[in-house]
Amino acid sequence: MQPRNMSMSGAVDLSAVKAAAEAKQKAEQARAQRAAQPDGQAAAVPLVIDVDEATFEQEVVQRSASVPVVIDLWAEWCQPCKQLSPVLERLTLEYAGKIVLAKIDVDANPRIAQQFGVQGIPAIFAVIAGQALPLFQGAAPEPQIRQVFDQLIQAAEEQFGIVGEPVDPEAAVEAQAAEPAEPPTDPALAAAHAALDAGDLPGAIQAYENVLAGDPGNQEAALGLGQAKLLDRVRGLDAERVRKAAADNAGDVTAQLAVADLDLVGGHVEDAFSRLIGVVGRTAGDDRNTARLRLLELFEVLGADDPRVTSARAALARVLF
């Protein structure tokens, strides 16, 4: 496993931490500090952290000089992410300070996803001494993840002298729980989220619609409704058959819409938007309006502030007018 240098800019500036020599020096300093601690004393710091564009430099780049940082790129609407993330978190605690897990919501932090060249989620990367390397994409079985983590830890020690810091897993969980709690949410909205997480998509749709009926401007409910409707549409689809139908007949609007849904669920946001914009551009009448309305629905899944939505809105305007 060989780390590769990545040319990053903006929010993800991996060049901020220099080459292996500097990392080794910092690692040696960290080991010296640990050696001065009483025998058996382990740190009580969170091992699983939420990271955004504002904290990436400190929590990932700088931290990677002393411990390998595994990056979990995920989104709330991504079902494979919900299967994989708990496994990553549990294994991170088991490794007791040999790695740290940084969780990054790609919808809230699109610049990070773009800088890593993410094509689909879940996408798992690592950063060692300011150098990034891809680990795997999609859900993976636990034995494979353990093997990848073992290789990562070995590479970090052999190539950079980075061995992490012993951490008491129970103390790490307590430290994480002691972090400031998020403000309480509306019970009705919380119930809608719970239905979505449980896979009760009709129930989630109804619950989000109830919230919006009383609070039409509730953006969180609008995003949840868009996600629930999207997941409900793709449930039960034969992806291979739908994609073949769309490839064989560009005029099959229903198939084109279904493939766009599948692309968005798979994290291929730009592909989904481009496909529907293409349909709008080459159709007329009801077909054009159907594709336009579906595209607007997909915009709601990500939210108006997402730069990919802004770009796609401009492209849509160009084909409409």
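These legends walk through three close-up views of a predicted model. Residues are numbered from 1 along each chain as its sequence is written, and side-chain values use heavy atoms, with hydrogens and water left out. Because the model is predicted, local features need pLDDT of at least 70 and side-chain atom pairs count only at pLDDT 80 or more, while totals for chains, interfaces and linings use all residues.

**View 1. An open sheet of 5 strands.** Follow the strands in the order β1-β3-β2-β4-β5, and you will meet mixed pairing. (Strands, E, at least two residues, and helices, H or I, at least four, are DSSP runs numbered from the N terminus; two strands pair if DSSP finds at least two bridges between them.) β1 (48-50) and β5 (131-137) each have a single partner strand, so one side of each lacks a neighbour in the sheet. From one strand to the next, the twist averages 25°. (Angles run from 0 to 180 degrees between N-to-C directions, and axes are lines fitted to C-alpha atoms, for helices over the stretch in contact.)

**View 2. Strand β1 beside strand β3.** These two run parallel, joined by 3 bridges. Look for V48, whose bridge partner in β3 is L101.

**View 3. Helices α11 and α13.** The axes of α11 (residues 253-265) and α13 (residues 285-302) come within 10 Å and cross at roughly 10°. The two helices are therefore roughly parallel to each other (angles under 35 degrees count as such). On the α11 side, V253 and L257 are among the residues that meet α13, where the partners include T290 and L298 (contact means heavy atoms within 4.5 Å).

Methods: Angles under 35 degrees count as roughly parallel, over 145 as roughly antiparallel, 65 to 115 as roughly perpendicular and the rest as oblique.
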